[in-house]
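Hello,

Here is the structure I promised to pass on to you. Have a look at it first, and then read on for what turned up.

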Amino acid sequence: MSQVMSSKDTRSEETKRADAARAERLAEQLRANLRRRKSQSRARKAADAGLDLTFLRTIPGSIGGALRMNAGCYGSYTADHFVSAKAVTRAGEVVTLTADDLNFRYRQSDLSPGAVLIGATFAPPKGEPEELHARMEQQLAKRDESQPTKDRSAGSTFRNPAGFSSTGK
C-alpha cells in the first residue's frame with residue numbers, strides 16, 4: 001500500500017492556538033521594537049555617518065510608520081531612499097519586501113494589513129555630517145515657523161489636495 005502525503009495541517013486545535021499566541025506575542029515584541037526606532041533619531045545617526053536622510057528629522061513617529069505611509073517633506077519621500085524591508089506576516093513568516101511589493105504612492109503603500117515591519121534598508125545619498133546636521137536645524141526652524149509645534153495638538157491633520165505634493169514634486 002502506498003502512502004499519500006497530505007498538506008493538511010494535522011496539528012491539534014490546542015497546538016494551533018498555542019502557535020498563534022506565540023506568533024502574536026512575537027509580533028507585539030517586534031512592533032514595540034520598531035516603534036522605538038524613531039525616524040528623528042535615525043536621521044541624526046545617518047547624518048553622523050554622512051548619509052542624507054535629513055527629511056526624516058522633522059517627521060515624528062517610527063520608521064515603520066514612515067514606510068507604511070511613505071512619509072516625506074522638503075523634497076524627499078521615504079520611497080526615494082528605500083531598498084528593502086523585512087516584515088513578519090500574520091502567519092508568522094518573515095518576508096523581504098521590495099519597493100515593487102509596497103507600491104509606494106503619495107502617503108500610502110500596499111503593506112499587508114497585520115504585517116509587522118521589523119527592519120528596513122535605505123540607500124541615501126552621501127553628504128558632509130556638519131552640513132547634514134545644519135540642514136536638519138534649518139528644516140526644524142522652517143517647520144517651527146509654519147506649524148504650531150509648541151502647542152498641544154493631535155499632530156498633522158491635513159492632507160494635500162489630489163495632484164499637489166508637499167515636496168514640490
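**Two asparagines and a helix**

Asn70 has a relative accessibility of 4%, so this residue counts as buried. Please keep in mind as you read that the model is predicted. Asn70 sits in the loop that runs between helix H3 (63-69) and strand E1 (72-73). Its backbone may catch your eye: the phi of Asn70 is near 50 degrees, a positive value in a residue other than glycine.

Another asparagine is worth a look too. Asn103 lies in the loop between helix H4 (99-102) and strand E5 (116-122), and its phi is near 45 degrees, again a positive value in a residue other than glycine. Is Asn103 buried or partly exposed? With 36% relative accessibility, Asn103 counts as partly exposed, because the cut-off for buried is under 20%.

Now to helix H5, which covers residues 129-146. Its 18 residues should span 26 Å at 1.5 Å a residue, and the C-alpha atoms at its ends are 26 Å apart, which agrees. Which residues of H5 are buried? They are Leu132, Met136, Gln139, Leu140 and Arg143. Looking down the axis of H5, you will find these buried residues within an arc of 100 degrees, so they line one face of the helix. The general background is that an α-helix has 3.6 residues a turn, so residues three or four places apart point the same way. The buried residues of H5 pack against helix H2 (39-48). On the other side of H5, the exposed residues are Glu130, Glu131, Glu137, Gln138 and Glu145.

Enjoy exploring!

Best wishes

Methods:
Residues numbered from 1 in each chain as written. Predicted model: local features only at pLDDT ≥ 70, side-chain atom pairs only at ≥ 80, totals over all residues. Heavy atoms only, no water. Helix = DSSP H or I, 4+ residues; strand = E, 2+ residues; numbered from the N terminus. Expected span 1.5 Å × (residues − 1). Buried < 20%, exposed > 50% of the residue type's maximum accessible area, 1.4 Å probe, protein only. Arc of directions from axis to C-beta. Contact = heavy atoms within 4.5 Å.
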